[in-house]
Amino acid sequence: QEQVVESGGGLVQPGGSLRLSCTASGSIFGINLMGWYRQAPGKERELVASSGNDGNITYTDSVKGRFTISRDYARKTAYLQMNSLKPEDTAVYYCMVRGFSVSGRPSDYWGQGTQVTVSS
């Protein structure tokens with residue numbers, strides 16, 4: 001079954017906004033970080049934003065001031081608020097969850113991705 005599920009992608013005009021959601025299943029324990037990555041056609045996957053339980057939040061330079069990552073710890077959910085979207089933001093956005101399996105094995109879990117297309 002899917003352990004990480006993203007939603008909220010879609011088609012938006014330049015300057016518009018979207019909010020992505022990512023929810024981790026109950027089979028992932030001890031989550032200590034959630035993050036968002038993206039991959040555009042022909043390009044490598046890159047970190048967009050991450051949020052650690054220690055309070056450390058990071059953004060790639062190209063989204064600073066436009067994107068905001070937030071967490072709902074009780075619901076094992078991360079959000080990515082995306083404002084002032086640009087065509088170069090077009091990509092498949094993936095959620096990553098760093099935690100532990102039921103057996104105690106540390107793992108990074110990935111969602112299936114959600115498409116964000118910014119176009120006129």
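User: Why is Asp-108 called partly exposed?
Analyst: This is a predicted model, and in it Asp-108 has a relative accessible area of 38%. Buried requires under 20% and exposed requires over 50%. The value of 38% falls in between, so Asp-108 is partly exposed.

User: What makes the contact of Asp-108 with Arg-98 a salt bridge?
Analyst: The side chains of Asp-108 and Arg-98 meet at 2.8 Å, N to O. Asp-108 is in strand β10 (residues 106-110) and Arg-98 in strand β9, ten residues apart, and the pair links distant parts of the chain. The limit for a salt bridge is 4 Å between such atoms, so the value of 2.8 Å qualifies.

User: Which burial class does Arg-98 fall into, and why?
Analyst: Arg-98 has 35% relative accessibility and counts as partly exposed. That is neither under 20% nor over 50%, so no other class applies.

User: How do you know that Asp-89 and Arg-38 form a salt bridge?
Analyst: The closest N and O atoms of Asp-89 and Arg-38 are 3.0 Å apart. Asp-89 lies in the loop between β8 and β9, while Arg-38 lies in strand β4, so this pair ties together parts 51 residues apart in sequence. With the cut-off at 4 Å, a value of 3.0 Å is within it, and the pair is therefore counted.

User: Are Asp-89 and Arg-38 buried or exposed, and on what values?
Analyst: Asp-89 has 1% relative accessibility and counts as buried. Arg-38 has 6% and counts as buried. The limit is under 20%, so both values meet it.

User: What links Arg-66 to Asp-89?
Analyst: Arg-66 and Asp-89 meet through their side chains in a salt bridge, at 2.8 Å from N to O. Arg-66 sits in the loop between β6 (57-59) and β7, and Asp-89 in the loop between β8 and β9, 23 residues apart, so distant parts of the chain are linked. Both Arg-66 and Asp-89 are buried.

User: Which residues are linked in a network of salt bridges?
Analyst: Arg-38, Glu-46, Arg-66 and Asp-89 are linked in this way. By the same distance rule, the count of salt bridges comes to five. Arg-38 also stands opposite Glu-46 in β5.

User: What makes β4 and β5 a pair of strands?
Analyst: Six bridges join β4 to β5, which run antiparallel. Pairing needs at least two bridges, so six are enough. The two strands form a hairpin with six residues between them, and Gly-42 in the turn has a positive phi of about 75°.

User: How do you know that β5 and β6 pair?
Analyst: Three bridges join β5 to β6, again antiparallel. The requirement is at least two, so the pairing holds. Ser-50 stands opposite Thr-58 in β6. This hairpin has four residues between its strands, and Gly-55 in the turn has a positive phi of about 95°.

User: Why is β5 described as largely enclosed by the rest of the structure?
Analyst: Five of the seven residues of β5 are buried, so the description follows.

User: Which members of the largest nonpolar core touch the most other members?
Analyst: Of its 27 residues, they are Trp-36, Val-48, Phe-67, Leu-80, Met-82, Tyr-93 and Val-97. Elements giving two or more residues to this core are β3 (18-24), β4 (29-39), β5 (46-52), β7 (67-72), β8 (77-82), β9 (91-100) and β11 (114-118). In soluble globular proteins, nonpolar side chains tend to be buried together.

User: What is Val-97 in contact with beyond its neighbours within four places in sequence?
Analyst: Its contacts include Val-4, Cys-22, Ala-24, Ile-28, Ile-31, Leu-33 and Met-34, as well as Ser-107, Asp-108 and Tyr-109.

User: Why is Ser-21 called buried?
Analyst: Ser-21, found in strand β3, has a relative accessible area of 16%. That is under 20%, so Ser-21 is buried. Leaving aside neighbours within four places in sequence, Ser-21 is in contact with Val-5, Glu-6, Ser-7, Trp-36, Ala-78 and Tyr-79.

User: What makes Phe-29 eligible for a nonpolar surface patch?
Analyst: Phe-29, in strand β4, has 39% relative accessibility and counts as partly exposed. A patch member needs over 30%, so Phe-29 passes that test. Phe-29, Phe-100 and Val-102 form the patch, with about 290 Å² of accessible area together.

How values were computed:
Residues are numbered from 1 along each chain as its sequence is written. This is a predicted model: local features need pLDDT of at least 70, side-chain atom pairs count only at pLDDT 80 or more; totals for chains, interfaces and linings use all residues. Side-chain values use heavy atoms; hydrogens and water are left out. A nonpolar core is a set of buried Ala, Val, Leu, Ile, Met, Phe, Trp, Tyr and Cys residues joined through side-chain atoms within 4.5 Å. Buried means under 20% relative accessible area, exposed over 50%, partly exposed in between (1.4 Å probe, protein chains only). Contact means heavy atoms within 4.5 Å. Patches are made of residues with over 30% relative accessible area and no salt bridge: like charges are joined within 9 Å, nonpolar side chains (Val, Leu, Ile, Met, Phe, Trp, Tyr) within 5 Å. Accessible areas come from the Shrake-Rupley method with a 1.4 Å probe; for residues, only the protein chains shown count as cover.
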